[in-house]
Structure formats: C-alpha cells, structure tokens
Amino acid sequence: MALALRDLPKGASPSFGRSGSLARNVPNPGLELSYVEYTSGVTISATTEAGATTIVTAATLDLDGQAIVVEFFCPRLDVADTADDVLITLWDGSTDLGRLGWHIATGADLSFPVHLVRKITPTVGSHAYSIRGWKVGAGAAVANAGAGTSGSLLPGFVRVTRSFAQREE
C-alpha cells in the first residue's frame, strides 16, 4: 500500500515503498542520484565530437533501468565569434548519447548561461554520465563557473535525478 502524500519523504514519489520503485543503490528516495559541481572555467579545446572536452562528470551509478533526468548548468559559456559553433554533448562512459545544445556565435563574442536537461531510460547496470563540449572554428570557448561567493559566478554542475511519473490510483 502506498503512503499518503503527507507522509512521503520530501521529494519522494507517491509509489514510494512499492517493490521496484527505487534504484538498488539509493537508500533515500529523494530523487537526486548524483550532483557534481565544477568551480573554475573549462576551456573547450576539442574540435571534433569524438574527442570532445569533458566539462563535468557525474558519479558512477548502478541503475535499475528506470527513467532518469540528466541536467547540466553552466553559469557563463563564453564563445568567441571565431569559434563559430560550440556544441554540448551528453556521454555515458565512452558512448556519445547526442547533442544537448548547439550554440552559434556570428560576428560577435557571446557570453550566456546554459541550462540543458535530458530524460532518458538507461539500461540496467553501471553508468557514468558526463557533459562534454567541442567547437567548430579557431576561436576560444570556455564553460565558466566559480565558487559561488560574493562577486563570483555560481558553480556549474551535472545532476542526475530519478524521473518519477505520477500515477492515478
């Protein structure tokens, strides 16, 4: 029997307590499986997708095949106009899962925040998700972040959470 909504731990699904409703390695069903910050700029020097520069990597997770959400935040992506394009990709180990974002600079340097999210259903087993970047063109591209103190940028991060669907009872 499911717990009443008022009795659920903060962030838990209404199916909390049912068989198969949680990851095998997560004792607390509070949704967040991994959260990793980076606090300094990462220069994106790669010019091919296969050789993309790693910006941040989540903790390795032992997943049970239920849907997850991978989220990336960069407080300031700097793109020189000569870099032309900067692409942000999602990886699982050495497998490129696709392009999360494609940012184009035309004629002027650009600086902007980036927040990208992707829901996926992984296979059962171990997964190591990372966010990587690569560029087209000769210009500079930097995924900037800071310590989050007064006068500095906030940290960038990758977060992996459980994706719970509301079920009608």
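**Figure 1. S163 and K119 meet through their side chains in this predicted model.** The polar contact between the side chains of S163 and K119 spans 3.5 Å. S163 sits in the segment after β12. Is S163 buried or exposed? S163 is buried, and its relative accessible area is 19%. Setting aside neighbours within four places in sequence, S163 touches A67, I68, V69 and K119. L31 offers a link across the sequence: 132 residues separate L31 from S163 along the chain, yet their C-alpha atoms are 7.4 Å apart in space.

**Figure 2. D78 makes polar contacts with S111 and with N144.** D78 belongs to strand β5. Its side chain reaches the side chain of S111 at 2.5 Å. The side chains of D78 and N144 are joined at 2.6 Å. Which residues surround D78, leaving aside its neighbours within four places in sequence? They are L110, S111, A140, A141, V142 and N144. Both polar partners, S111 and N144, appear among these contacts.

**Figure 3. R159 and E32 form a salt bridge.** Side chains of opposite charge can pair when their charged atoms come close. Here the closest N and O atoms of R159 and E32 are 3.0 Å apart. R159 lies in strand β12, residues 156–162, and E32 in strand β1, residues 32–38, so the bridge ties together parts 127 residues apart in sequence. R159 is partly exposed, at 23% relative accessibility. E32 is partly exposed too, with a relative accessible area of 40%.

**Figure 4. R159 also forms a salt bridge with E71.** Their closest N and O atoms are 3.2 Å apart. E71 lies in strand β5, residues 68–79, and R159 in strand β12, so this pair ties together parts 88 residues apart in sequence. Is E71 buried or exposed? E71 is buried, with a relative accessible area of 15%. Shared partners join E32, E71 and R159 into one network of salt bridges.

**Figure 5. E49 and R99 meet in a salt bridge.** The N to O distance is 2.8 Å. This pair links distant parts of the chain, 50 residues apart. E49 is in the loop between β2 (42–43) and β3 (53–57). R99 is in strand β7, residues 95–104. R99 is partly exposed, with a relative accessible area of 42%. How many salt bridges does a search of the whole structure find? The search finds five.

**Figure 6. The largest nonpolar core holds 30 residues.** In soluble globular proteins, nonpolar side chains tend to be buried together. Which residues touch the most other members of this core? They are Y38, I55, V70, F72 and I131. Strand β5 supplies the largest share of the core, six residues. A second core is separate and has five residues, including A46, L87, W91 and W134.

**Figure 7. The protein has 12 strands and zero helices.** Read along the sequence, the pattern is β-β-β-β-β-β-β-β-β-β-β-β. Of the 169 residues, 46% are buried. Among contacts between residues at least 6 apart in sequence, 77% join residues at least 24 apart. The protein exposes about 8,700 Å². Carbon and sulfur atoms supply 53% of that exposed area.

**Figure 8. Confidence falls below 50 in pLDDT over residues 1–10 and over residues 16–29.** The average pLDDT of the protein is 85. A score of at least 70 is reached by 79% of the residues. Beyond near neighbours in sequence, the stretch 1–10 has 11 contacts in the model. How many such contacts does the stretch 16–29 have? It has 31 contacts beyond near neighbours in sequence. Where pLDDT is low, the predicted coordinates should not be read in detail.

Key: Residues numbered from 1 in each chain as written. Predicted model: local features only at pLDDT ≥ 70, side-chain atom pairs only at ≥ 80, totals over all residues. Heavy atoms only, no water. Salt bridge = Lys/Arg side-chain N within 4 Å of Asp/Glu carboxyl O. Helix = DSSP H or I, 4+ residues; strand = E, 2+ residues; numbered from the N terminus. Buried < 20%, exposed > 50% of the residue type's maximum accessible area, 1.4 Å probe, protein only. Contact = heavy atoms within 4.5 Å. Areas by Shrake-Rupley, 256 points an atom, 1.4 Å probe, with all protein chains shown as cover. pLDDT = per-residue confidence, 0-100. Polar contact = N/O pair within 3.5 Å; in protein donor to acceptor, adjacent residues only side chain to side chain. Core = buried A, V, L, I, M, F, W, Y, C linked by side-chain atoms within 4.5 Å.
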